[in-house]
Each structure stands twice: as C-alpha cells, then as structure tokens.
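This report concerns a set of neighbouring strands and one helix that packs among them. Please consult the sequence and the model while reading.

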Amino acid sequence: MQYVFHRSSSIPVLVSFALISVLACAASSSDGRPAPGVEGIPPAGSLSTASIQGVGAGASSTPASTPSASSTASSTASSVGKDSVAKAPPVTVPSVKGRTKKDSLAMVKAIKAGLDNPNWPVKTAPPLPGSILPARRIVAFYGNPLSKRMGILGELPPDKMLEKLDKEVAAWQKADPATPVQPALHLIAVVAQGGPGRDRKYRLRMTDSLIEKVASWAATRNALLFLDVQVAHSSFQAELPRLVPFLKRPNVHLGLDPEFSMKPRMDRKEGAVITHKPGARIGTMSSDDVNYAIGMLSEIVTQNNLPPKVLVIHRFTHDMLTGSKKIKLDPRVQVVIHMDGWGQPWLKYDSYRAYVESDPVQFTGFKLFYHNDTKKGDPLLTPGEVLLLNPKPHYIQYQ
C-alpha cells in the first residue's frame, strides 16, 4: 500500500542539543506506516549560528494513508434522478511535463467529486468586515528557524526565504488574478519532541523572542503570522492560553496539528491503553478541541475589536479529526481544513478528495512539499493544477 506522506513538522522534534542525530521512533503501527524520525534541536535561544547551520538539510516526513473506495464513495453519490441531472462540462487537464495518466485520472476524479458534493460551498453567515477568506488566498511558508528539516521557513536564510515567498505569491497571483494573494509565515510555536522533557509532555515551547523574530520577518512583507501548535502529551487547553498575547495582534492567527496530539488509546499489540510518544502513531483531535480553539479566538476578537481570525487544522487521515460535524462555526473565526500529506500528484488529489472535500467544514487548504512531493521525480504541483480542485483551496502552504 502507498501513502501520501506528511509532513508538517517533518516529525520535527526539538530535543536536547546532545541529540543531534535523527532518531527513529519505533513505530509498529498496524497500518503499515514507516517509522518517522525524531529531530534533535536545542531549546530556542541556545544555539549559536554555527550550530543552527549544522542541522542537516532535507525534509523527512510522516505519512498520510491512501483513501479507500469505501471512505469516499458517499462524497460522489447523487440523489437526483438521471433525467434531471445536467450533463457536467468536460474537465480539461493541463499539460505538465512529468504527469502520468494516473495523475490525470485522480485529478479529474477529485474535481468531479467536489462538483458533485452539494455541501460545497459550506453555508455560513456572511463574512464579517475584515475577514481574510474567501476574498483573499493565503500563501504561507511553514517551518521553524531552528531547523532546516522542518520546512522552508527555516531551511533558507531569512532574506532568501522571503525572496522565495515573493516568487510563490507572484505565481499564485498570476494563476488567479481575481483573488488577491496574502503572504504568511507559519511558525511551529509548540513543537512535539522525541523525549519527554522535564514535565514529560513531549513538547517544547518556543520562546517569545523566537516568535518575535519570525514576526519581524513577516512584517517586512506585510505578511500574516500563524502560530502552529503540536501538543504531544499536553493539551490545547494547556498550550493555547500562553499564545494569547500574540493572538491579540490583528495579523496573528492559529494552526492546530492533530498528528502530534497524542491521546490515550488502546494498543492491540500491548493489550493496554497507551499514550504513544509523538511519531510512533498518528495523533488525533476532536471537535471539542476545535471548539475550544474557536471559542478562545472568538473571545480574543470580541475583546480586542479585531477582524476575524483564521484557524488552520492539519489533516491527512480520517481519524486525525473526529466529530467534524460537531464543530461550531463562528463568524469571528474562519476554519480551514488543510490537506497536509505528501506524495505523488495522484495520491495528493485522492487525499484531498477523501479527507477534505468529502467532509466539508468551512474552507480548505493544500500543502506542497518542495522535497517530499518530488522524491520520485514528479514536478511540484503548479498553482494552476491545484486551482482546478473544487472547492478551490484558499490556504496554500509550502514546506
């Protein structure tokens, strides 16, 4: 079985500096996922410039499983009689060197599934004044400046990284001139760890000074700043309040990463309820977690007279987000379900269809990996190809 591989933090894990080498998380999951690596990085502020540059380049990631036929069949079914169905116009697939017939078929399947799903666009209250979505499309660079392995945000020197962001923004603007592009930096502000740490929570909080540094980079491009949270053995209720002073700023938004939300679960092999360490299993979060974040952000917006916040939720398996129908939308918070898996084009299309399009929440996102999406020689998906999807993603993230 093949998988769309995540991912976001590239199983980043900021451990003590003595642990420089990539460790293997002994994953023995029954779904056949390969064991992800755990990256060693010291606490923020403790690295010299030389030691930061010494962290190995290249992205490693965790996987997202291939959607099964049973998991997606309902999204394409129509209850309308054949006689009343208008014939859908043909889907034109762009000619991109390196694309296979399998890629093209998967693209067409994903496009048609979205067109056939009557729940798109999601019916919500009209956007409040100052709302970013759907008037603009966000194009974000993801990662952490303490590591070259976690994404483009930390892979290049800041000036080179921002120049590259400018080029991507221009490419998306050219692909869809009608939708203004909003640049963003997406910082992993709470990072899952391979070791338990002093409080045995398996997570490391970035310092305020590191967050301010990335905020200063964003300011040079009038870009948004997203603070991404990987709670590991902690909880969103414990980690989010610390970020409130930053979230009170109009241009700061939030990301939640279920992959590293390690809740207790029954381990069949062990025959006991176990809370796995990050990377050993794909984590999960519930609608309760999402609703907590929405409630907190809504209060921040009201109390500080701010425009609506954007909340990005990573997803590349069904179980990463449970009870999505119970998510309580609020016009003060715009929710993006972000397809965060890597792999060949056909697999990314299939995953978007299975884990995002078939389970409407509000807005959608799509992740592009400079390294992992191209491992087998496939060119990176172009803005034009991604924009053929329905619904069109309004949040684009590069790692």
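In this predicted model, V190 has R205 of strand β7 as its bridge partner. The pairing to which this bridge belongs joins β6 and β7 (residues 203-205), which run antiparallel and share 3 bridges. Strand β6 (residues 181-192) also pairs with β8, here in the parallel sense. A further parallel partner of β6 is strand β5 (residues 137-143). In that pairing, Y142 lies opposite H186 of β6. The pairings are set out below.

| Strand pair | Sense | Bridges |
|---|---|---|
| β5 and β6 | parallel | 7 bridges |
| β6 and β7 | antiparallel | 3 bridges |
| β6 and β8 | parallel | 6 bridges |
| β8 and β9 | parallel | 5 bridges |

With regard to solvent, β6 is mostly covered, and 12 of its 12 residues are buried.

Strand β8 (residues 224-229) can be considered next. Its link to β6 includes the bridge between L187 and L227 of β8. Strand β9 (residues 252-256) also pairs with β8, and there V229 has L256 of β9 as its bridge partner. How many residues of β8 are buried? The count is 6 of the 6, so the strand is largely enclosed by the rest of the structure. In a regular strand, side chains point alternately to the two faces of the sheet. Both faces of β8 are covered: one side carries L224, F226 and D228, the other carries L225, L227 and V229, and all of these residues are buried. D228 is thus listed on the same side as L224 and F226.

The helix of interest is α6 (residues 208-219). Helix α6 has 12 residues and spans 16 Å from its first C-alpha to its last, close to the 16 Å expected at 1.5 Å a residue. Which residues of α6 are buried? They are L210, I211, V214, A215, W217 and A218. Viewed down the axis of α6, these buried residues fall within an arc of 155°, so they line one face of the helix. An α-helix has 3.6 residues a turn, so residues three or four places apart point the same way. On the face of α6 turned away from the buried side are the exposed residues S209 and A219.

What covers the buried residues of α6? The cover includes strands β6 and β8, together with helices α4 (152-155), α5 (158-175) and α8 (244-247). The two strands named in that cover, β6 and β8, are themselves paired with each other.

Note on methods:
Residues are numbered from 1 along each chain as its sequence is written. This is a predicted model: local features need pLDDT of at least 70, side-chain atom pairs count only at pLDDT 80 or more; totals for chains, interfaces and linings use all residues. Side-chain values use heavy atoms; hydrogens and water are left out. Buried means under 20% relative accessible area, exposed over 50%, partly exposed in between (1.4 Å probe, protein chains only). Helices (H or I, at least four residues) and strands (E, at least two) are DSSP runs, numbered from the N terminus. Two strands pair if DSSP finds at least two bridges between them. The expected span of a helix is 1.5 Å times one less than its number of residues. The arc is that of the directions from the helix axis to the C-beta atoms. Contact means heavy atoms within 4.5 Å.
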